[in-house]
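Me: I should like to go through the descriptive terms used for the model below and ask what justifies each of them. Please set each value against its definition.

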Amino acid sequence: KDFLSSEFYTRHKDAYLFNFLSKASITNGWVDVELFLKNYALALSGNMSKVPRIFYKAFEGFSDSDVFNDAKIYFLSEYRLLKEALKIYLEAEESRGILEFSNKLDYFFKNTHAENKFHSILNFNYTRAAINKTFCNVEKSPDVLHLHGSLVNDDIVFGVDDNFSDISNE
């Protein structure tokens, strides 16, 4: 929710994807961006019957054929814009030291690492900020495997779904 209210997001609020994502967030009180993207793509491919009801209100604008057609045309460029906005937002938050683990998780990592319980961390986050802070005073930090890409490698990936059979290639 912090990202959706940030300047990095709101400066693009007039773009179709951003506009519909904001509507979904307002309607439901929050939004899972990856789930939203899957259902946005389903709606754009004409499969509204497969879209969960929680997104119906957000996609009301699709009843206007001009909006629907324009949203389809701009989807890929706006998706890239969304990824770039998220990347810039996370980099700013990371540099400010905002992204941290909870104290309990910090305690767990420090104690299990001290006992050589693990050598790698599977990270679903795009950043290393919390992990770097946690392991800054140890001799060898564990390897961090970023499952959805990382900011450092400029390869963030939205983990939407590996089965897009319901979405046309159009």
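Reply: To begin with packing, the axes of helix 3 and helix 4 come within 10 Å and cross at roughly 150°. Axes here are lines fitted to C-alpha atoms, for helices over the stretch in contact, with angles from 0 to 180 degrees between N-to-C directions. The model is predicted, with local features requiring pLDDT of at least 70 and side-chain atom pairs pLDDT 80 or more, while totals for chains, interfaces and linings use all residues. Residues are numbered from 1 along each chain as its sequence is written, and side-chain values use heavy atoms, leaving out hydrogens and water.

Me: Why are helix 3 and helix 4 called roughly antiparallel to each other?

Reply: Angles under 35 degrees count as roughly parallel, over 145 as roughly antiparallel, 65 to 115 as roughly perpendicular and the rest as oblique. The crossing angle is roughly 150°, and helix 3 and helix 4 are therefore roughly antiparallel. The crossing itself is left-handed, a term for a near helix turned anticlockwise from the far one by less than a right angle, with clockwise giving right-handed.

Me: Which residues make the contact between helix 3 and helix 4?

Reply: Val33, Leu37, Tyr40, Ala43 and Leu44 of helix 3 meet Phe68, Ala71, Lys72, Phe75, Glu78, Tyr79 and Leu82 of helix 4, contact meaning heavy atoms within 4.5 Å. By class there are 10 nonpolar, no polar and 2 charged residues. Nonpolar covers Ala, Val, Leu, Ile, Met, Phe, Trp, Tyr, Cys and Pro, charged covers Asp, Glu, Lys and Arg, and the others, Gly among them, are polar.

Me: What makes helix 2 and helix 3 oblique to each other?

Reply: The axes of helix 2 (residues 16-28) and helix 3 (residues 33-44) come within 11 Å and cross at roughly 120°. This angle is in none of the named ranges, and the two helices are therefore oblique. Helix 2 passes helix 3 in a right-handed crossing. Tyr16, Leu17, Phe20, Leu21 and Ala24 of helix 2 and Val33, Phe36, Leu37 and Tyr40 of helix 3 form the contact. The class count is 9 nonpolar, no polar and no charged residues.

Me: Why is helix 2 called roughly perpendicular to helix 4?

Reply: Their axes come within 7 Å and cross at roughly 90°, which makes helix 2 roughly perpendicular to helix 4. Tyr16, Leu17, Phe18, Phe20 and Leu21 in helix 2 meet Val67, Asp70, Ala71, Tyr74, Glu78, Tyr79, Leu81 and Leu82 in helix 4. That contact has 11 nonpolar, no polar and 2 charged residues.

Me: What are these elements in the protein as a whole, and in what order do they run?

Reply: The protein has 6 helices and 2 strands, and from the N terminus on the elements run α-α-α-α-α-β-α-β. Helices (H or I, at least four residues) and strands (E, at least two) are DSSP runs, numbered from the N terminus.

Me: What makes Phe20 and Phe59 an edge-to-face pair?

Reply: Rings of Phe, Tyr and Trp (its six-membered ring) pair if their centres lie within 6.5 Å, and planes under 30 degrees apart count as stacked, over 60 as edge-to-face and the rest as tilted. For Phe20 and Phe59 the centres are 6.3 Å apart and the planes are at 65°. The pair links distant parts of the chain, with Phe20 in helix 2 and Phe59 in the loop between helix 3 and helix 4 (65-95), 39 residues apart.

Me: Why, then, is the pair of Tyr40 and Phe59 called tilted?

Reply: The ring centres are 5.9 Å apart and the planes at 50°, so the pair is tilted. Tyr40 in helix 3 and Phe59 in the loop are 19 residues apart. Phe20, Phe36, Tyr40, Phe55, Phe59, Phe62, Phe68, Phe75 and Tyr79 form one aromatic cluster.

Me: How do you know that Tyr40 is buried?

Reply: Buried means under 20% relative accessible area, exposed over 50% and partly exposed in between (1.4 Å probe, protein chains only). The value for Tyr40 is 0%, so Tyr40 is buried. Phe59, at 3%, is therefore buried as well.

Me: What makes Leu147 partly exposed?

Reply: Its relative accessible area is 42%, so Leu147 is partly exposed. Leu147 is in the segment after strand 2 (143-146).
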